[in-house]
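User: I am new to this structure and would like a close look at one part of it. Please start with a helix and what surrounds it, then show me a few spots elsewhere for contrast.

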Amino acid sequence: MVEPNGVQLDVIAIGRASVDLYGQQIGSRLEDIGSFAKSVGGCPTNISVGTARLGLKSALVTRVGNEQMGRFIREQLGREGVETRGIATDPDRLTALVLLAVEDEGVSPMIFYRTDCADMALSEVDIDEGFIASASSIVVTGTHFSRPNSDAAQRKAIRIAKAHGRKVVFDIDYRPNLWGLGGHAAGFERYVKSNRVSEQLKSVLPDCDLIVGTEEEIMIASGADHVLAALKAIRAVSPATIVLKRGAMGCIVYDGAIPDDLEDGIVGKGFPIEVYNVLGAGDAFMSGFLRGWLKGEPHATSATWANACGAFAVSRLLCAPEYPTWTELSYFLEHGSKHKALRQDEDINHIHWATTRRGDWPLLMALAIDHRKQFEDLAGGQLERIPDFKVLAVKAAARVANGRHGFGMLLDDKYGRRALFAAAKEGFWIGKPIELPGSRPLQFEFSQDLGSRLIEWPVDHCAKVLCFYHPDDPLELKHEQTEKLCSAHEAARKVGREILIEIIASKHGRVDNTATARALSELYDAGLRPDWWKLEPQATASAWAEIDNVITTRDALCRGVVMLGLDATMAALAAGFATAKASRTVRGFAIGRTIFADAAKAWFAGEMSDEQAVADIAGRFRALVKAWEK
């Protein structure tokens, strides 16, 4: 929406954009790290993500390379809801990289790979007046005043912002070695006094409306050697609101004259937490402060939100991926946490996970072809042909989807490896089974160590686990199956994969209007909060109402339910769809044998060509899609 004054965005951040590679072995030297987790990074990039997660309309102005890491940054920011029009692609330079490790509490060595990187080539050409004027504020950052071309770009943005009555925010963001004041190994060094840097940064201060920095950053921006003197030096040249970040002690906000006692400023509520990793905390802090400041909140409120966001960041490993969403922050401010290590709070972790998941799937119509035992029976002695048939099924699903969103497939990695590669190119939602077919009590296929298996999956693949579970099962059996489901749930969360739990109750007991709902209640009691449920069609609308009540009460952030088929007829499935019409949680279906069984029998028998099989599967899938859409 465009405001009367032409404002479309709340904030545009300008400057660094990198790919951060975080060492996953905590307590190790960077030399000893064995694996890394990848995320977007760089002060303004982090701020653009942090503010977007808190409900602001944010954008980034930077440059990235014309390669995979540059595309990752652009795509990830798009997923976060950040406007990417201001990101230029540099044809000659590579995207910056940063390697980091958590060696000790508060000690995180890092190496910046930024020699002639793309973002430092930012120039005045990249600053579009209309785009800058479309935001109510801009954030300029210290590092990009270190080079003539990027300095000129930021100063042009400041002139445009001031001319259009927009606010200018200055994140001092001082990294000495990015100013040439330290060797490559000094990435974690926070302060090196430099008159050259101070003179450069002091010239920015008069144009600012908000200045944010640590004690060291306030000193470098002013040239003074003590914090109080630094604050007064800044006030002498700028009427801006000044926010002094003090790490674990929170922050102090100064409007007007600087008091002789530092503590006489405006102080927000602090949050005592365990420090796990300090990197990126300042950018989370800035995001929280901007959420309040740009919305006209009192400084004490903005400071409290900033402190809370910083607390989240220091309690987790990565930078931007760990920043809270507005839903998560609101929950924390209202309920707090009994854990000083916020990453150990299961309720907060679930809110974080569920509000930052990849993609939006309000509708999901999936062709389920993850069957293994059934295909082995259909193929007879032709097991080597099963992968070929699954590729044909992908072609059929793609023919029906025709590029539309809301389609998916369940595929296994025993016979469906080539089909998975093909499905990934179609933009499908993809789920993969992990259960040993037919097992009761539940066992996993291949290995009981799920974590080492899931870590090899693409990040957007969903783990699917089928459990034959009835609420009237013997207690010992229920306990064993629930423990197995919990281990699958924990493994999926640990490695960042979604999980779909499929419950079939009708094979082992009577199913009435409450059976499935009772089963779900018991599984929620065990701590399970899957992203998806896959459930049998229910006989009555009241049965669906019972299920709806359980899911919305126990986990309002659940993506929802997809219906399974159990080899039912088309007519029976259409009737099941109609019964589910009033459900608040059913999002679609994931059905297989009703769609592919006849074609598979004929194809394996040599009575149907590849194209005929594709056409037959597509026709049945299309019929189910139409039945659902009715």
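Here is a walk around one helix, its packing partners and its core, followed by some other places.

Analyst: Happy to help! The model is a predicted one, where local features need pLDDT of at least 70 and side-chain atom pairs count only at pLDDT 80 or more, while totals for chains, interfaces and linings use all residues. Residues are numbered from 1 along each chain as its sequence is written, and side-chain values use heavy atoms, leaving out hydrogens and water.

Let's begin with helix 13, which covers residues 386-401. Helices here are DSSP runs of H or I with at least four residues, strands are runs of E with at least two, and both are numbered from the N terminus. One partner of helix 13 is helix 14, residues 417-424; the two pack at an angle of about 15 degrees with their axes 8 Å apart. Axes are lines fitted to C-alpha atoms, for helices over the stretch in contact, and the angle between N-to-C directions can run from 0 to 180 degrees. This makes helix 13 roughly parallel to helix 14. The label depends on the angle: under 35 degrees is roughly parallel, over 145 roughly antiparallel, 65 to 115 roughly perpendicular, and the rest oblique.

Helix 13 passes helix 14 in a right-handed crossing, meaning that the near helix is turned clockwise from the far one by less than a right angle, whereas anticlockwise would be left-handed. On the helix 13 side, P387, D388, K390, V391 and V394 meet R418, A419, A422 and A423 of helix 14; contact means heavy atoms within 4.5 Å. Sorted by class, this contact has six nonpolar, no polar and three charged residues. Ala, Val, Leu, Ile, Met, Phe, Trp, Tyr, Cys and Pro count as nonpolar, Asp, Glu, Lys and Arg as charged, and the others, Gly among them, as polar.

Another partner is helix 21, residues 610-629, which packs with helix 13 at about 45 degrees, their axes 8 Å apart. Helix 13 and helix 21 are therefore oblique to each other, and their crossing is right-handed. Helix 13 brings residues including F389, L392, A396 and V400 to this contact, and among those it meets in helix 21 are V614, I617, F621 and V625. The contact divides into 13 nonpolar, no polar and five charged residues.

Now for the inside. In soluble globular proteins, nonpolar side chains tend to be buried together. The largest nonpolar core in this model has 81 residues, and those with the most contacts inside it are F389, M409, F428, W533 and F589. Helix 13 gives the most to this core, with 11 residues. Such a core is a set of buried Ala, Val, Leu, Ile, Met, Phe, Trp, Tyr and Cys residues joined through side-chain atoms within 4.5 Å. Buried means under 20% relative accessible area, exposed means over 50%, and partly exposed lies in between, using a 1.4 Å probe and protein chains only. Leaving out residues up to four places away in sequence, F589 touches ten-odd spots you can look up, including L364, V562, F577, F621 and W628. A second, separate core of 63 residues includes M286, L294, A303 and L317.

For contrast, try helix 5 (195-202). It packs with helix 6, residues 215-222, at about 85 degrees, with axes 6 Å apart. Helix 5 and helix 6 are therefore roughly perpendicular. V197, S198, L201 and K202 of helix 5 meet M219, I220, A221 and S222 of helix 6, and this contact has five nonpolar, two polar and one charged residue.

A few backbone details are worth finding too. Most residues other than glycine have a negative phi, and most peptide bonds are trans. D173, in the loop between strand 9 (167-171) and helix 5, has a phi near 45 degrees and is buried, at 7% relative accessible area. D567 also has a positive phi, about 60 degrees, but this residue is partly exposed, at 45%. The loop that holds D567 runs between strand 20 (560-563) and helix 19 (570-579). The peptide bond from R440 to P441 is cis, with omega near 10 degrees, and P441 sits in the loop between strand 16 (429-433) and helix 15 (450-454).
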